[in-house]
Amino acid sequence: LFAIFAFATCGGYSGGLRLSVDCANKSESDLNIDIAFAYPFRLHQVNFDAPTCEGKHREKLSLIGDFSSSAEFFVTIAVFAFLYSLAATVVYIFFQNKYRENNRGPLIDFIVTVVFSFLWLVGSSAWAKGLSDVKIATDPDEVLLLMSACKQQSNKCLPVHSPVMSSLNTSVVFGFLNFILWAGNIWFVFKETGWHSSGQRHPPDTMEKQSSSYNQGGYNQDSYGPAGGYNQPGSYGQVGEYGQSQSYGQSGPTSFTNQI
């Protein structure tokens, strides 16, 4: 959805401005000079006619600048990001087993996500600079400076209508939002790869080794069991010197009395 908003607000833009040239001779004036431009913002190809205030002669002028490279690059990234997101959604839902097979799917997904994050950052930054230049090139005050009639103080040149750039500003915002979105997805895609799984195997192995070392050590041996020195038969289970059989229930003083 963010990719759709990004390329729709930029690629579908069309705008214009209107200027007014009031000559000293009113019959030579033109109060409605409309200049229209649109994506991909090859402004040097946008032509318009303006009065010279020297009879009926009119001059043919054009806007300045070609900002199609940054705009087309931005829209291209948005379109491919939308197509990849759509394809990835289908794979996630219907081909989950194929996606996880041999860990190839998560690795490819991780690499593509990193690449798109970088492209969104570069494309949004380039388009932000290009949009700034488009605003300057289409500023009515700057366009009026191109007209020869406006260089004479006897003529009055005024901007009537300025271009509306709100949708283009929105496209830049969505461009950086897409960068944040894709960059944030890097972690979640990384968790699906084998790199994350292999990193999680070491702590349990270490704990198992430590547990086995304690089980084999002296702290877990039953020193008071059948193999222990205090529980060995012989001293309390042997027949006494006078034929008396001593048991575990006899205490030390009783044994001493019998021996006496």
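**View 1. What lines the largest pocket in this predicted model.** Twelve nonpolar residues, five polar ones and one charged residue make up the lining of the largest pocket. The space inside comes to about 310 Å³. Of the 18 lining residues, A81, S85, L181, W182 and N185 sit closest to the pocket's centre.

**View 2. The helices around the largest pocket.** Four helices each put at least two residues into the lining: α1 (2-11), α2 (68-94), α4 (104-137) and α6 (166-190). Which helix gives the largest share? That's α2, with seven residues.

**View 3. The annotated membrane stretches.** An unreviewed UniProt entry carries the annotation "transmembrane region" for residues 73-95, 107-128 and 172-190. In the model, residues 73-95 are 96% helix and 0% strand, and the C-alpha atoms at the two ends are 31 Å apart. Residues 172-190 come out as 100% helix and 0% strand, with 28 Å between the end C-alpha atoms.

**View 4. A stretch to take with a pinch of salt: residues 201-260.** How confident is the predictor across the protein? The average pLDDT is 78, and 74% of the residues score at least 70. Over residues 201-260, though, pLDDT stays under 50. For this stretch the model has 25 contacts beyond four places in sequence. Where pLDDT is low, the predicted coordinates shouldn't be read in detail.

Notes. Residues are numbered from 1 along each chain as its sequence is written. This is a predicted model: local features need pLDDT of at least 70, side-chain atom pairs count only at pLDDT 80 or more; totals for chains, interfaces and linings use all residues. Side-chain values use heavy atoms; hydrogens and water are left out. UniProt positions are given in the numbering used here, feature names are shortened, and annotations may be inferred rather than shown by experiment. pLDDT is the predictor's confidence in each residue, from 0 to 100. Contact means heavy atoms within 4.5 Å. On a 1 Å grid over the protein atoms alone, a cavity is a set of points where a 1.4 Å probe fits but cannot get out, and a pocket is an open set with protein on both sides within 12 Å along at least five of seven lines; lining residues have an atom within 4 Å of a point. Grid points are joined across faces, edges and corners, and a volume is the space filled by probe spheres set on the points. Ala, Val, Leu, Ile, Met, Phe, Trp, Tyr, Cys and Pro count as nonpolar, Asp, Glu, Lys and Arg as charged, and the others, Gly among them, as polar.
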